[in-house]
Amino acid sequence: MKLNVNGQVREFDAEDDTPLLWVLREQLGLTGTKYGCGIAQCGACTVHIDGEAMRSCVRPVSTVTEQMKIVTIEGLSPDGSHPVQKAWAALDVPQCGFCQSGMIMAATALLKEKPKPTDADIDMAMTNICRCGTYNRVRKAIHVVARGGDAKSAGLAIEHREGSKA
């Protein structure tokens, strides 16, 4: 069987009911997409399928055709230059980081659909669970991207200093 993942058609061998997540991680080596709960509640496994955020832990691989375009965190921007990834870094969104690939994928899908989301839009779209509780920073980072990427507009007093001496 074949899948179109991150712009490449990739072959795999799995039972029809195998979750897409396991094909991505175990057979294709794309381990940025995480296993969290296994019941589509936490969102750590979020990928894009034809531009829509989907939970891959419950999606049987047989429901995804070779014509459908799957994008994982690795395919979003291999060098971390996507505006959402940059905002995440600028605002120190991740703490442990485990859920963040799913959060970033959900946020990018939201911003594609609604380039200027309201807080209510963000609340509706960002149903991912973060055990570290970085929800306020997630919201701020989404607003930063919507406003063009200026991290100072987020209202957080985070200042990065390279090469500073303590």
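The dialogue below reads a predicted model of one chain, moving from its overall layout to its sheet and then to two of its helices.

Colleague: Where should one start, and how many helices and strands does the secondary structure of the chain come to?

Modeller: The secondary structure comes to 6 helices and 5 strands, and from the N terminus on the elements run β-β-α-β-β-β-α-α-α-α-α. Of the 166 residues of the chain, 40% count as buried, and among contacts with a separation of 6 or more, 55% are made by residues 24 or more positions apart.

Colleague: In what order do the strands of the sheet lie, and which of them are the edge strands?

Modeller: As a general idea, strands of a sheet pair through backbone hydrogen bonds, in either the parallel or the antiparallel sense. Here the 5 strands form an open sheet in the order β2-β1-β5-β3-β4, with mixed pairing; the edge strands are β2 (8-11) and β4 (52-55), each of which pairs on one side only. From one strand to the next, the twist averages 40°.

Colleague: In what sense do β3 and β4 pair, and which residue of β4 does valine 47 stand opposite?

Modeller: Strand β3, residues 46-49, pairs with β4 in the antiparallel sense over 4 bridges, and valine 47 stands opposite methionine 54 in β4. Helix α4, residues 100-113, lies across β3, β4 and β5 (69-71), and runs at about 35° to β3.

Colleague: Turning to helix α3, which of its residues are buried, and what do they pack against?

Modeller: The general idea is that an α-helix has 3.6 residues a turn, so residues three or four places apart point the same way. In α3, residues 83-90, the buried residues are Val84, Gln85, Ala87 and Trp88. Seen down the axis of α3, these buried residues fall within an arc of 160°, so they line one face of the helix. They pack against α2 (73-76), α4 and α6 (135-146). After α3 comes aspartate 92, whose phi is positive, near 50°.

Colleague: Glutamine 100 lies in helix α4; is glutamine 100 buried or exposed?

Modeller: The step of reasoning here needs a cut-off, since a residue counts as buried under 20% relative accessible area. Glutamine 100 has a relative accessible area of 5%, and is therefore buried.

Colleague: Leaving aside neighbours within four places in sequence, which residues is glutamine 100 in contact with?

Modeller: With those neighbours left aside, glutamine 100 is in contact with Trp88, Val93, Pro94, Cys130 and Thr134; of these, Trp88 is one of the buried residues of α3.

Key
Residues are numbered from 1 along each chain as its sequence is written. This is a predicted model: local features need pLDDT of at least 70, side-chain atom pairs count only at pLDDT 80 or more; totals for chains, interfaces and linings use all residues. Side-chain values use heavy atoms; hydrogens and water are left out. Two strands pair if DSSP finds at least two bridges between them. Helices (H or I, at least four residues) and strands (E, at least two) are DSSP runs, numbered from the N terminus. Axes are lines fitted to C-alpha atoms, for helices over the stretch in contact, and angles run from 0 to 180 degrees between N-to-C directions. Contact means heavy atoms within 4.5 Å. Buried means under 20% relative accessible area, exposed over 50%, partly exposed in between (1.4 Å probe, protein chains only). The arc is that of the directions from the helix axis to the C-beta atoms.
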